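Work through the exercises below with the model open. Each task is followed by a stepwise solution.

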Amino acid sequence: MRYLFVLLFFFGLQHISAAKEAWDEQAFRDFNPAERYRFVHDYPFWKMSSGAKQSSLLGRMLVIAEAKKDHHSVLAIKYYLGQIAGNEGFSMPGGRSVRELHQEIETEAKKRGFEVEEVVAHHYLSNDLSPANKLSYEERYVEVQKTFERMRAIGFEKFKDYGVDAILFNLNHFMWELGDFEQAFQYLSVEERFIQPTVEGGHHYTQALSYLQTYWKRKKDFKKSIQYAEKILHFHQKFKPNNPDSQWWNRFWKGFAAIEIADLLTEQVNFNQSEHFANLGYTLSKVQEATDAVAPYQAEYDALQVLISVKLKFSKLDEVETLLNRATFIKEKLEPLGQLEYFKPLRLYQHYSNYYELRGQAVEALRYTHLAQTLQDSLDRKNDARKLTQIQLRFEAEKHAEQLHLLEKEKQLQQKLGLSAFAILLILMGWRYQYFRAQRRQKEIELSAAKASLEALTQGFREKSELVENLRLENEKLAQQGKHSDYLEQLTTATILTEADWTKFRGLFEKVHPGFIAAQKEQFPDLTHAETRLLVLEKLGLSTADMANMLGVNKNTIHQTRLRLRRKMEAESP
C-alpha cells in the first residue's frame with residue numbers, strides 16, 4: 001500500500017483544536033462507576049492541543065478513579081494513556097513504559113473479570129515490535145488468530161470503546177504482509193462494519209477502504225475495486241481540514257483515489273472516463289512548488305505513470321512527451337537520494353518504448369524495451385523469491401499453531417487420563433502423525449513452489465524466444481533492404497539458456513520430475529550434454545524453434561541432435 005504508514009500522521013497526529021468539553025473534577029469524583037467509565041470513553045482527548053495537557057488530565061482522572069476503587073474506569077484511563085503516549089510533551093504517570101502499562105491492564109482485567117480489556121491489552125502486548133517483546137513471527141501468527149477468535153466469541157460490538165477498527169486493522173496488516181490475503185480479507189470484512197467517515201475515524205476509514213480496494217483489484221473485480229476508490233475520493237472531497245499537513249494528505253488521498261479509478265477504468269478499456277480521472281488525479285498529485293519533501297514527488301511520479309498510459313492510448317504524443325520529461329525529472333531527483341524504489345522506472349521505460357514506437361523511432365523503442373525487460377526479469381525473480389518466503393513463513397507459522405494446538409490437546413488429555421499408558425500412547429501417535437503430516441506438507445509446498453518457478457522460468461524462456469524470433473525476422477528484412485545491424489545480429493545469436501540458467505533450470509526440473517535425467521543416462525550411458533538438454537526441453541513440450549532460440553543454435557542443429565538421439569535409442573532397443 002503506497003505511503004500507508006506515513007499516512008498514520010494524517011488525522012491521527014493533527015492538532016485540531018483544544019477540547020471544549022468542560023472538565024469538572026468534583027463532578028468526576030461524584031459520578032457513579034458507570035457514569036465515570038462512560039465519561040472517560042466519551043471525552044475527546046484527541047482534540048486537546050498537546051500531549052502534556054492530555055497526560056495531565058488523564059493523570060488526575062487516574063488518581064480519582066483509583067481512590068474510588070473504580071477498577072473499570074482505571075483500566076479505561078490506562079488504555080488512553082497507552083494510546084497517546086507518543087504525543088509530543090506527553091509524560092507517563094509513575095514513569096511506566098507503555099508495555100508495563102499494558103501488562104498492568106492485562107493482569108488487572110484478568111483478575112477482575114473484564115474480558116474486553118484483557119483481550120485489548122494482550123493484543124497490544126503481542127503486537128508490540130520493540131526489542132522488549134520476545135514474540136517470534138510464528139508466535140505472533142498464533143496470537144493474531146487467537147485475538148480475532150476471542151473478539152468474535154465476546155462480540156465485536158463490545159470492543160467499540162477500545163478502537164475495534166484499529167485492532168482489526170493491525171490483525172489485517174499482519175496477515176497481508178504474510179501474503180495470506182484471504183485471511184486478511186476476513187478481518188477487513190469485519191472492520192468495514194465499524195469504520196466511520198468522520199474526522200476522528202478518518203484514518204482507519206481510509207486505510208481499510210484502501211486495503212479493500214487493493215484486494216478486489218488483485219481479484220480482478222474492477223467494479224468493486226472502483227467502488228471502494230470512489231468512497232475514498234468522496235470522503236476526502238467532503239473533508240475540509242485546517243492544518244497545512246492535513247490539507248496536503250487530504251489532497252494526496254483525493255489524487256490517489258482518482259488515479260486508482262483511472263487505472264481500473266483502463267483495465268476495463270474505458271479510456272474516455274479513464275482520461276478524465278487520470279487528469280484529475282494528476283492535477284491533485286502534482287507538486288505545486290519546489291520542496292525538499294520526498295512524498296509529494298513520489299505521489300506525482302506514480303500519478304504520471306497512469307496518466308501517461310492513458311494518453312498513449314489516445315496517441316496524444318505531444319502531451320506524452322511533456323509528461324515523460326516530468327517523470328524523468330522526478331526520477332533523476334529521487335534516485336540519488338535513494339527515495340525511488342529500484343523497480344519504479346520499469347513502467348516509465350515501458351512508456352518510453354511505446355512512445356518511441358508510435359513516433360516511428362525503432363532504435364530508441366528497442367533500447368527502452370531492453371531496459372524494461374532487464375528490470376522486469378529482475379522483478380520477476382524478486383517476486384518469486386518473496387512468494388516462496390511468504391509460503392515458507394506461513395508454513396512455519398501454521399506448523400507452530402498446529403504444535404500448540406496439539407500440546408493443548410495433550411494437556412487436556414493428561415488432565416482427563418492422568419499418566420496412563422493409554423494417554424502416553426495417544427500422545428506419541430499424535431506426535432508421529434503430526435510429524436509425518438508436517439513432512440508431507442513441507443514436500444507439497446516445496447513441489448508446488450518448484451512447479452511454479454519452473455513454469456515461470458519456462459514461460460520466460462518462451463517469451464524471450466519469441467523476442468529473438470522477431471528480431472531475427474527484423475534482421476532478415478534489413479538484409480533484404482541491403483542494410484545490416486550488428487546489434488540485432490548479436491541479439492538473434494545470443495544464448496538465452498546460459499550455463500547459469502541451465503544450472504537453476506535443471507535444479508527446478510529435477511524437483512518437479514525427479515529421476516528423469518538419471519533414468520535417461522542409465523538407459524543411454526553415452527548421452528551427450530546437448531542430447532540431455534534436448535530430452536529435458538522436449539519433456540516440457542517446447543517447440544523446435546523455442547529450443548533453437550534458447551540454446552543459441554539454428555533449427556537444423558536441433559534436428560540433427562534429435563536424429564542422433566533417435567539412433568542411439570534404436571541401437572539400445574532389443
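**Exercise 1.** Determine whether Ser73 is buried or exposed, and list its surroundings.

Solution. Step 1: Ser73 has a relative accessible area of 0% and is therefore buried (buried means under 20% relative accessible area, exposed over 50%, partly exposed in between, with a 1.4 Å probe and protein chains only). Step 2: Ser73 lies in helix H4 (helices are DSSP runs of H or I of at least four residues, strands runs of E of at least two, numbered from the N terminus). Step 3: its side chain makes a polar contact with the side chain of Asp70, at 2.6 Å. A polar contact is a pair of N or O atoms within 3.5 Å; within protein, one must be able to donate a hydrogen and the other to accept it, and residues adjacent in sequence count only if both atoms are side-chain atoms. Step 4: with neighbours within four places in sequence set aside, Ser73 is in contact with Pro33, Arg36, Tyr37 and Ala65 (contact means heavy atoms within 4.5 Å).

The model is predicted: local features need pLDDT of at least 70, side-chain atom pairs count only at pLDDT 80 or more, and totals for chains, interfaces and linings use all residues. Residues are numbered from 1 along each chain as its sequence is written, and side-chain values use heavy atoms, with hydrogens and water left out.

**Exercise 2.** Describe how H4 packs against H5.

Solution. Step 1: H4 (residues 71–83) and H5 (residues 98–112) pack at an angle of about 155°, with axes 10 Å apart. Axes are lines fitted to C-alpha atoms, for helices over the stretch in contact, and angles run from 0 to 180 degrees between N-to-C directions. Step 2: H4 is therefore roughly antiparallel to H5 (angles over 145 degrees). Step 3: residues making the contact include Leu75 and Tyr79 of H4 and Leu101 and Ile105 of H5.

**Exercise 3.** Place His41 and find its partners.

Solution. Step 1: His41 belongs to helix H2 (residues 33–42). Step 2: its relative accessible area is 9%, so His41 is buried. Step 3: the His41 side chain makes a polar contact with that of Tyr162 (3.4 Å). Step 4: beyond four places in sequence, His41 is in contact with Ala76, Tyr80, Asp161 and Tyr162.

**Exercise 4.** How many residues of helix H23 are buried?

Solution. Step 1: in H23 (residues 544–551), seven of the eight residues are buried, so the helix is largely enclosed by the rest of the structure. Step 2: among them are Met547, Ala548 and Leu551. Step 3: just after H23, Gly552 takes a positive phi of about 70°.

Definitions and conventions
Parallel < 35°, antiparallel > 145°, perpendicular 65-115°, else oblique.
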